[in-house]
Amino acid sequence: MVAEEETPYQAKLSVQKILGDHPVNTTESDLHHNIIKSAEHILVEKPVQLDLFEENFVDVKSRESYQILGQIFDTYWLIAFKDKLFIMDQHAAHEKVLFERFMKRYNDRSITSQMINPPVVFSLTTEEQNVYKDNEEYLAQFGYEIEDFGGGELAIRGIPADFSEADPKEIFTEIMDSLCIDYGKNTPETIKNRIATMSCKAAVKGNNRLNIKEMEKLMDELMELENPYNCPHGRPTFITISKYELEKKFKRIV
């Protein structure tokens, strides 16, 4: 039960419900009459990861129903939708968008290249030279245009267009490391893992401020995915907190 303690605030209070209700005016004395018993609710009480079947939040039809409230810690976005508060990890969300887009283009053989000038010069070890020669065609399918200078040096002149904002040397290093570790194992699973790593390296990072327009664009891209609720490495893109849980923490529900 809510404690019946004296309070120094006897003035009339204006209470704004957090998620979508209209402001209501009330006095402290009648706040207790608004308390809701938890037994009357059957709602989620803890932040949970969304799954595909729980909510139609990320859906074209829901576009007009949610409200982007803002960014916190330069990493997470707060979004109100119906009676829930959604918290989105911008890195995980962007990583999933890049991964799904690139996987589709890889399977469709429609990957395009972005030319870079000046080219990035990359030095290979003896082991890496052998791995590179065995995987030249594979790297070309990923959108790389590479000139072999000989002597263990490569000039990367074209990179996958979908990852053009990322550090080309960092991503290529990751791919070469993967090719060396899984030498001769270009299976569908290893290919997916490499694309997931490339997507992770290219995605917007935490502690990176985005504006509302950038956020809206990312949300629109998420809505095009079949399963936007976790990144390719399994981390959630969203968690959700119900209105019920918020009201319980503020002791409006007992």
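At what angle do α4 and helix α5 pack, and how far apart are their axes? Keep in mind that this is a predicted model. Select residues 188–202 for α5, then add α4, residues 168–181. The two helices pack at an angle of about 160 degrees, and their axes lie 10 Å apart. That makes α4 roughly antiparallel to α5, because angles over 145 degrees count as such. The crossing of the pair is right-handed.

Next, show the side chains at this contact. On the α4 side, pick Glu170, Ile171, Glu174, Ile175, Ser178 and Leu179. On the α5 side, pick Arg194, Thr197, Met198, Lys201 and Ala202. Colour them by class: the contact has 5 nonpolar, 2 polar and 4 charged residues.

Keep Ile171 and Met198 selected. Both belong to the α4–α5 contact, and both also line the largest cavity. How many cavities of 30 Å³ or more does a search of the whole structure find? The search finds 1. The largest cavity holds about 40 Å³ of space.

Now complete the lining. Add Tyr144, Ile159, Pro160, Phe163, Ala166, Asp167 and Pro168 to the two residues already selected. Which elements give two or more residues to this lining? They are β9, residues 153–160, and α4. Ile159 and Pro160 are the picks to view with β9. Pro168 and Ile171 go with α4.

Finish by colouring the lining by class. It has 8 nonpolar residues, no polar ones and 1 charged residue. To see the charged one, centre on Asp167.

How values were computed. Residues are numbered from 1 along each chain as its sequence is written. This is a predicted model: local features need pLDDT of at least 70, side-chain atom pairs count only at pLDDT 80 or more; totals for chains, interfaces and linings use all residues. Side-chain values use heavy atoms; hydrogens and water are left out. On a 1 Å grid over the protein atoms alone, a cavity is a set of points where a 1.4 Å probe fits but cannot get out, and a pocket is an open set with protein on both sides within 12 Å along at least five of seven lines; lining residues have an atom within 4 Å of a point. Grid points are joined across faces, edges and corners, and a volume is the space filled by probe spheres set on the points. Helices (H or I, at least four residues) and strands (E, at least two) are DSSP runs, numbered from the N terminus. Ala, Val, Leu, Ile, Met, Phe, Trp, Tyr, Cys and Pro count as nonpolar, Asp, Glu, Lys and Arg as charged, and the others, Gly among them, as polar. Axes are lines fitted to C-alpha atoms, for helices over the stretch in contact, and angles run from 0 to 180 degrees between N-to-C directions. Angles under 35 degrees count as roughly parallel, over 145 as roughly antiparallel, 65 to 115 as roughly perpendicular and the rest as oblique. A crossing is left-handed if the near helix is turned anticlockwise from the far one by less than a right angle, and right-handed if clockwise. Contact means heavy atoms within 4.5 Å.
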